[in-house]
Amino acid sequence: MSLLPVSHTQFQLKSYWDQFFSKRSTPFEWYGQYTDLCHILHKYVKITSKTLVVGCGNSKLSEDMYDAGITDITNIDISEVVVKKMGARNFEKRAKMSFTQMDMLTMTFDDCVFECVLDKGTLDAIYSNTDDETVAKVRCMWEEIRRVLKTGGRYVCITLAQQHILNSLLETFSSGWLVRTHKVTLDDGKRDEKREVAGTLPVIVFILTKMASLPAKPAMKVLEVVREDGRCERCEDTEGVRRFVNAAQQHSMLLHHLKSVHPEETGIRVQYWSEKVPDVPRYTFIVVDVPKSKAKNGLFAIFIVPQGREGEWIFSSDSGLKGLAEQSCYHRLVVVTMHLGHQYGDLHQVKHEVTGSALAMLQSGVPSNIKV
């Protein structure tokens, strides 16, 4: 029997979650394991932070955070079934952590009591459609989170950021909150059933910091995104955040497509950019597949085109690339070209820079015996 609802609107129902958790005892980590998220969480959730986890479910995230030293954690969920299970599971080993049945739309906590509110997928469960009733619930949820957070406190929202959610979130929090956005790279080997739920979308973490409101002064707007290399970049407006999230989603969907083998799709191109030279891509990756019967040397290789030769027929035309792939005798060849206007190091440095991104283009089930 499937543990997923017939309609996504069922994600809003207490009866669905009671039934779900009565059937499933193991943690259901739809939005990543602690190891996927901890490098972000520990930047913003202090050891001493009084933390509220809304819609906790049976995720191990609270337990892992507790074991890492964040012990002042209050967990709430609408399902009495899961609250009892989680309370019993943690009663002795994690005595300082509590589990309470509570509807996050009508929380009974006092105002301004938490330094952090953590939401892992709960927003997505509630915001399953754009009906007026659902939108009203989401607004109520956000107002309750704002109410219980202290000034300077953080709402950590872990979401797939589908378009309607992204638009509404940015509209609500772009004024009077500091908005910082991270993209999470999940470990494919630990995805569990996430693919059924999350599809091909990447996990996005919004760090929303509640700022003090000053009388007679307009609310501040601070919007930031965190790049793959860890650099934090300021955006002029919400459109900058939207572009960052949409680009991450499109890239994730393309990589998901490339996991399956498509020998007939010669010359799929993916561009990678650098902020130092924003008008010209730094690298172009061209993915070329050939039948396994011709792959005498192996299943995957990366070919770096010498700088200045990228315009030659063999590297710039579909027929030339197909011939190059057949000559290489690899099942999938990723051809990497460099572009004018950028500064590059030696071949070793270029290999180091491109290999991680190229490996993301491995087909499912291909062993990582890579030739560069």
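Me: Which residues are buried in helix α11 (residues 318-328)?
Reply: Happy to help: G320, L321, L324, A325 and S328 of α11 are buried, where buried means under 20% relative accessible area with a 1.4 Å probe on protein chains only. Helices here are DSSP runs of H or I with at least four residues, strands are E runs of at least two, and both are numbered from the N terminus. This is a predicted model, in which local features need pLDDT of at least 70, side-chain atom pairs count only at pLDDT 80 or more, and totals for chains, interfaces and linings use all residues. Residues are numbered from 1 along each chain as its sequence is written, and side-chain values use heavy atoms, leaving out hydrogens and water.

Me: How do you know that the buried residues of α11 line one face of the helix?
Reply: Seen down the axis, they fall within an arc of 135°, so they line one face; the arc is that of the directions from the helix axis to the C-beta atoms.

Me: Why is N75 called buried?
Reply: N75 has a relative accessible area of 0%, and the cut-off is under 20%, so N75 counts as buried. N75 sits in strand β2 (residues 73-77). Leaving aside neighbours within four places in sequence, N75 is in contact (heavy atoms within 4.5 Å) with residues including V53, C56 and F99.

Me: What makes the span of helix α6 (residues 132-148) agree with expectation?
Reply: The expected span is 1.5 Å times one less than the number of residues. For the 17 residues of α6 that gives 24 Å, and the end C-alpha atoms are 25 Å apart, which agrees.

Definitions and conventions
Buried < 20%, exposed > 50% of the residue type's maximum accessible area, 1.4 Å probe, protein only.
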